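Trainee: I would like to take a close look at a single part of this model and then follow its connections outward. Could you guide me slowly, with the terms explained as they come up?

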Amino acid sequence: MSNVTGILLVIGLLVVLAVPSLRRLGEAYRLRRRETVEDALKVLIDLGAQRPDRVADILAGRLHLSRRAALRLIQMLNERGLVSMEGDLMRLTSLGRALGLHIVRAHRLWECYLSDDAAVPLKEVHRLAEKAEHHLSPHDVRRLEARMGYPRYDPHGDPIPQADDKTVDCPGTPLSVWPEGEPACIVHVEDEPESVFAHILAEGLTPGTQVVVLERSPQGMRVQADGNDVWLTTVMASHIHVAAAPEGLPGTGHITLADVPEGMQVQVVGISPEVRGLLRRRLLDLGFTRGAVVEPVLRSSFGRGDPTAYRVRGTLIALRREQARHIWVEPLDHTSQEEHDEQTVETARAYPVDA
Amino acid sequence: MSKPSKPHVRTLLTPECEACPLFVNQLGIDLSNWDYLVALAGNPNTGKSTLFNRLTGLKQHVGNWPGKTVTRAEGGFEFNGKRYKLVDLPGTYSLLSASVEEEVARDFLLFGHPDVVIIVVDATALERNLNLVLQVLEITDKAVVALNLMDEAKRKGIHVDYRRLARELGVPVVPIVARTGEGIGYLMQAVEDVAAERVPLHPRRVPLGPDLRRAVEELAPRVQALFPDVSAPRWVAIRLLDGDLSVEEAVRTGQLGVLASAPVLVTPTSNTNDQAPMPEGEALIRHAHTLRRSLATDFRDRLVEALYAEASRIAQAVIRAEGSRASSWEERIDRLVTHPIWGLPLMLAGLAIAFWITIVGANYPSELLARFFFAVEDVGVAFFQRMGVPWWVTGFIWEGVYRGLAWVVSVMLPPMAIFFPIFTILEDLGYLPRVAFNLDWLFKRVGAHGKQALTMTMGFGCNAAGVIATRIIESPRERLIAILTNNFVPCNGRWPTLIMLGTVFVAASFRPEFSALAAAGSVVAAVMVGIFFTFVTSWLLSRTLLRGEASAFTLELPPYRRPDIKRILYTSIIDRTIFVLWRAIVMAAPAGGLIWILANIHVGDASLAQQIAAFLDPFGRLLGLDGAILLAYIIAIPANEIVVPTIIMIYSGAGAMVEVENLAALRTLFVDQAGWTLLTAVSLMLFAVLHNPCSTTILTIWKETKSLKWTTIGALMPLGIAFLVTFVVAQTWRLFL
């Protein structure tokens, strides 16, 4: 008797547990189909008008589908009014284009979030964003965009299309054709295919890095990047886009807050452009702005100086080494500081204190 | 120490008025019919809450800001025949970034429409504080700066020319010492003058960079034209350029104009506009978006720079510093508490003393409470019996619901009422942030924040309080880690179980002279296991589930300050203790009832409880436990305090939870009657440390994260780990021993 009730109880429990998971399975299948459609739109957005069989080939290649599945996919896109035929050429309808742009925006903004706020390494953001892009509504994307401060480029330099923009342009010149000896700044690193991207990142080349082309050969080129010599194949170089180096930003050779010995006062020159998002805002709000006088006063004895507490604008703020490393500083010019003090004392005297 | 400074401060603050009474009448939570609404803004650690208590008294409304896990305090006071309502805004360094605290403060300044904003400023760190002052002055004209900590500034040789500061800022500046109450009368006079619009205000606006200024000059007139009543069109324009979603929303719906023209917090009957988007607002937002693209990408950096540059300029103009800037005793203490050799022992000693005071201090009141509660029960039962109430009603109410409550209150209340104030005193002293600083290297390795050490310490008192305490961790990812792993620290409801097991079983396996040591050692070992799993799960979480959560480490080391003992006692007992206790009571009462029902409904020859225990037994054996223990943990989810009484109840077949005082009798019951072994004790200790959080903590996790996902993980992850660990231990044990 008790055995029978026990078994019935277990079976009942299993059924109760199984129903939602079966439903989940169905949802997962539908979701996969939607993801495929959205991935297809992302591919089509760059293509323009094409012959359908050519489109099928491209889709099959990019989405790892069989040719038959790709043709079915195209038919599905057509039925949903996402693509239309003009003569014998196929192109995205305005609906398809809008949806595709939304996915591209979602993808690149999510990459910004992962890289800037969540500190995920650059080589992983693309893979994570490939999944997340399908779960963001237009409203989510708008909020995300505002939260990230309306970025114009994603972490590896692809432009983020505006909500109402029609065109998606790629900035910069390929490094493979950049003149030798001319200082340049990386603005974009192509994130596909993954193997090339990983190689480029492994050499320490990310958007914001300053580079100079030293010499060229048919197989590749030697490049100086942030003080190091790097050898790049032609394929790698063609995946990197650069622009003329901006003026005024301190390049290599600057000391960072992490290098400052205890008790020495320094002045902040700037925060590295690699620090974006949440951390950048917090550092600025805490007063690590250009011109701020900073002094390391307390080093963690257990973490061998990590974190270190700095006196900045009258308060002790502790930073970890990887944060201090991104704050560029220069030695405080004592003579000019004293002059400045004297001046302010003079101006203060000019206003008699009223009783 | 403050003696020599006092005369000077007095002449500075109250030159002609030695006899002036402090004529602020504290009204506490009486907020009826207020004439003026006053907001209290300021950086963290500026004595804002001291001033708040000085004005309103200790009693205050404490709750959360609507929909946010940010504490909101409100209170009332009377001055010169006018009644004021005071709202404490969260302490922030800035109003620009997206942290919840800053959002709350910003929204209240803009939409809450206070009559006056008091900006509390630390006179010893003027430059930093002025950054916030300048930002508040962008939003509202009606502000008074309370220049606090004048005594400390004097001690450090910092002279602030507050008249000049007032001229620079364009709003009244009043030097005060909130701790002693000096200058409060003048402050309130200034507040009244501003509220009644008796003083001309010309708040300082920060000079903007050329491209931002151009954009703002283009946008601000359009804001003004659309919303004529808005007091800060320039600020609204800056926020629109920055893409502030709440401001955008207010512009889109026209709320901005409504809020500005109507006296606030009056029910929105004056709201003639419906919520439909107004096309002009939409056009304005689009205009802002277009202008934003013309700005340099780093215009936000420039804005913060401009604010700090202006703050620095003003600070240099009004401050005259003599002697060394930082007082040397502070630096010496800092060196000592972070010393490579002395830092750690000092910390451990401090922790040990805090625990010792808690345990010793709680022992007697706990016993007293228990005796009182059980005396009441006896009286209640006798009364019910005399009234001829059926036995099962008496049993359910007194031996079920009431006894569950009594148990939880008497075990929980005294330690919490002692531990929380000690913790808060150490925090307010400034010592605990140094502990976080010392231990950060350890937590950094597992992807967590040094302040997690503090929330864990809090967890020793109560995990629910530990979860609430994670609010001090500003970085979202590290905060989640601290919330989800807090349960691995045994709270005071679990200590008795651990101590009992250590004494009855582990100690008994050793020679008598070592038994006390063995018992203590086993409890410490169990705690170490918990801490070990805190680190392991923190590491795993930060690398798997929490990868995509935002993170930013910074840790402020506030100056050492004398804590306000009266306020701490009041707030930590009223707010924290009563709050946690109330939640626990709400949970424990039904559990007590349920336990009684299970013990008193008989199916066949045994109670329902024993039947279920028998059913769960095979599963329990796999984990080295048994069915009764598992059942006790299931029905005692609301409070860990009643686990052992429930186990004893099931074994002895009693009709209600019971406690066995005599350790020998306990041993007989567990070993001879229930067949416990050393393995059972070890497994139970592990299970007690690792199992799922109590329902109060689960509820708190939900309230703090507002996420079903994290609540589920917070509840089930420890349970899974507890199953896994006890299973592995039990199977290995049986294999080898």
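Trainee: Is strand β5 (residues 82–88) of chain B mostly covered or mostly uncovered, and how many of its seven residues are buried?

Mentor: Before the answer, please keep in mind that this is a predicted model, in which local features need pLDDT of at least 70 and side-chain atom pairs count only at pLDDT 80 or more, while totals for chains, interfaces and linings use all residues. Residues are numbered from 1 along each chain as its sequence is written, and chains are lettered from A and ligands numbered from 1 in the order in which they are written.

Strand β5 of chain B is mostly covered, since five of its seven residues are buried. A residue is called buried if 20 or more other C-beta atoms lie within 10 Å of its own, exposed if 12 or fewer do, and partly exposed in between, with the C-beta atoms placed from the backbone. The strands themselves are DSSP runs of E with at least two residues, helices are runs of H or I with at least four, and both are numbered from the N terminus.

The neighbours of this strand come next. Two strands pair if DSSP finds at least two bridges between them. Strand β2 (residues 36–42) of chain B pairs with β5(B) in the parallel sense over five bridges, and within this pairing B:V38 has B:L86 as its bridge partner. Strand β4 (residues 71–79) of chain B runs antiparallel to β5(B) and is joined to it by seven bridges, one partnership being that of B:G76 with B:K85. The hairpin of β4(B) and β5(B) has two residues between the strands, and there B:N80 takes a positive phi near 55 degrees.

From here we can widen the view to where the chains meet. Here 45 residues of chain B are in contact with 47 residues of chain A, contact being counted when the C-beta atoms of two residues, placed from the backbone, lie within 7 Å. On the side of chain B that touches chain A, at least two residues each come from α4 (126–139), α6 (162–169), α13 (299–318), α17 (431–445) and β11 (555–557) of chain B. The most is given by α13(B), with eight residues. That side of chain B divides into 17 nonpolar, 13 polar and 15 charged residues, where Ala, Val, Leu, Ile, Met, Phe, Trp, Tyr, Cys and Pro count as nonpolar, Asp, Glu, Lys and Arg as charged, and the others, Gly among them, as polar.

Strand pairing also links the two chains, for strand β13 (residues 315–319) of chain A pairs with β11(B) in the antiparallel sense over three bridges, and A:A318 stands opposite B:L555 in β11(B).

Chain A has sheet pairing of its own to compare with what you have just seen. Its secondary structure comes to 11 helices and 14 strands, and 34% of its 355 residues count as buried. Six strands of chain A, in the order β3-β8-β4-β5-β6-β7, form an open sheet with antiparallel pairing. At its edges stand β3 (173–174) and β7 (228–233) of chain A, and because each has a single partner strand, one side of each is left without a neighbour in the sheet. Further in, strand β5 (residues 210–216) of chain A is joined by two bridges to strand β4 (residues 184–189) of chain A, which runs antiparallel to it, while β5(A) and strand β6 (residues 220–225) of chain A pair in the antiparallel sense over five bridges. A hairpin with three residues joins β5(A) to β6(A).
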